[in-house]
Amino acid sequence: MITNRQIKNQLNSISSAVLNADNFDRNDYARKILNYPAMMVPSVQEPIIKTLIDALPGNSSMIDPFMGASSTLITSMRYGINSFGQDINPLSLLISQVKTHIYSNSLNESFLLFEKRINKTRSRKVDVNFKNIDKWFKREVQIELSQLRRLIFEEEDLYIRKFYWVTLAEVIRLTNNDRTSTFKMHIRTQEEIDKRNLSPKEYFLRICKRSIKDIFEVKQKLIENNLIEDNNYIYDVEVAWGDSKKQINTDKKYNLLVTSPPYGDNHTTVTYGQFSYLPLQWIPVEDIDSNITMNYLDVIQEIDSRSLGGKKHDKYIEIEEKMFAKSKTLKKFFNNFNSDERMKARKVVSFIYDLDVTIDNVLDKMLPDSFFAWTVGNRNVNNKEVKNDLILTELLQDKNIKLFTDLERDILSKRMPDKNNFSKTMSKEKILIFKG
């Protein structure tokens, strides 16, 4: 049996080129079907997952409570293990449903018919209406998006519809009037809007063709690894919508966690909710998951406010005392702020508190002697560093989960917003590996 020292040596021997994703093929793992924010790089996680699986007993299983674009799930599938992912963002769930599904040739057949019908659509009716729709979409774009939406509804197969909805989400990202330089909703200048004459239908056909190719390349890799039987993945892959700080929506237990939580509240770091707001206006919730109870269509900030650190806690003093007892690093950070700056510092404490609660929920789903791989980055608030790596280590040590080893990587290849305080100050990530 492999020893802890051998496991640690294997992890520490992973080259910087691999960790920095120098040779990563961006067409692999169906990564481009939707350009989701801050996606983990599967080729970075792959050697870590493989090493930890080899160190675990048979029937290994992996969990990711912040699955995002499901990079960890797709990677784990290649190694033939059961996996579970959860996220509060309905768009994350939709992407993950599509990327983990094994499609048959009926997807190709459906698209051939779709392609024939798309140029026959003539109705100029706009099917969707929400506040400021004319601000975010030119009229001709609204018309073509509505034509696409009606065609998608004509598809009877739910998972093919899901594939089309993801394609539509990427089309919306590229054709609306929002700037793409950040994930926050910022309108383009009127001059720029007037110059843009984009056809959603042309984008849709092009992206569909590319995405179908990527989806079947993922399937082919699984076939080569003897992981597909009767057009199904032979292990269990489950994805769910849910608020991980409230509960993890599975009854199963796992012995490997691979995840990357937000590095701060979504309002000040990566605004996943704002990124998803416009696409979700066009996608019916019943085609994503009937268990979604959050009303995310009326308020732009709703998803972000429901995420870690997104809402104020009433009992600040009690929370501060509790968290400072668990993390001396967090206490030191907080004490560096004067009384006028404490509001920003309290947002950080609130975020760490929510993260700590989530960790408790995750630990309830973990088996004894599990491994935990957390990818985290440190950020700045008022020019003071939030040392998320040390804080997380202290939170887990408080729960008797010890640091096993750590790795460092550049995050320049990770899709981050390029015009906010978060990305300007961050160039490194730590991959912290713990053992329970």
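**Briefing: an internal cavity and aromatic contacts**

Helix α12 makes the greatest contribution to the lining of the second largest cavity, supplying 4 residues. The structure is a predicted model. Searching the whole structure yields 5 cavities of 30 Å³ or more, and 16 aromatic pairs are present.

**Second largest cavity**

- This cavity has a volume of about 160 Å³.
- Its lining comprises 16 residues, of which R173, N176, D178, Q274 and F275 are the closest to the cavity centre.
- At least two lining residues come from each of α9 (158-175) and α12 (272-282).
- Classified by type, the lining of the second largest cavity consists of 8 nonpolar, 4 polar and 4 charged residues.

**Aromatic pairing**

- Among the 16 aromatic pairs is that of F114 and Y164, which counts as tilted because the ring planes meet at 45°, with the ring centres 4.7 Å apart.
- F114 belongs to helix α6 (residues 106-118) and Y164 to helix α9, so this pair ties together parts that are 50 residues apart in sequence.
- F114 counts as buried because its relative accessibility is 1%, under the 20% cut-off.
- Y164 is likewise classed as buried, because its relative accessibility is 0%.
- F114 and Y164 also belong to one aromatic cluster, together with Y103, F163 and F204.

**Charges over aromatic rings**

- K162 places its charged end over the ring of Y159, at 5.4 Å from the ring centre.
- R206 is positioned over the face of Y203, 4.9 Å from the centre of that ring.

Methods
Residues numbered from 1 in each chain as written. Predicted model: local features only at pLDDT ≥ 70, side-chain atom pairs only at ≥ 80, totals over all residues. Heavy atoms only, no water. 1 Å grid on protein atoms, 1.4 Å probe; cavity = no way out; pocket = protein on both sides within 12 Å on 5 of 7 lines; lining within 4 Å. Points joined across faces, edges and corners; volume = space filled by probe spheres on them. Nonpolar A, V, L, I, M, F, W, Y, C, P; charged D, E, K, R; others polar. Phe/Tyr/Trp six-rings, centres within 6.5 Å; stacked < 30°, edge-to-face > 60°. Buried < 20%, exposed > 50% of the residue type's maximum accessible area, 1.4 Å probe, protein only. Lys NZ or Arg CZ within 6 Å of the ring centre and 35° of its normal.
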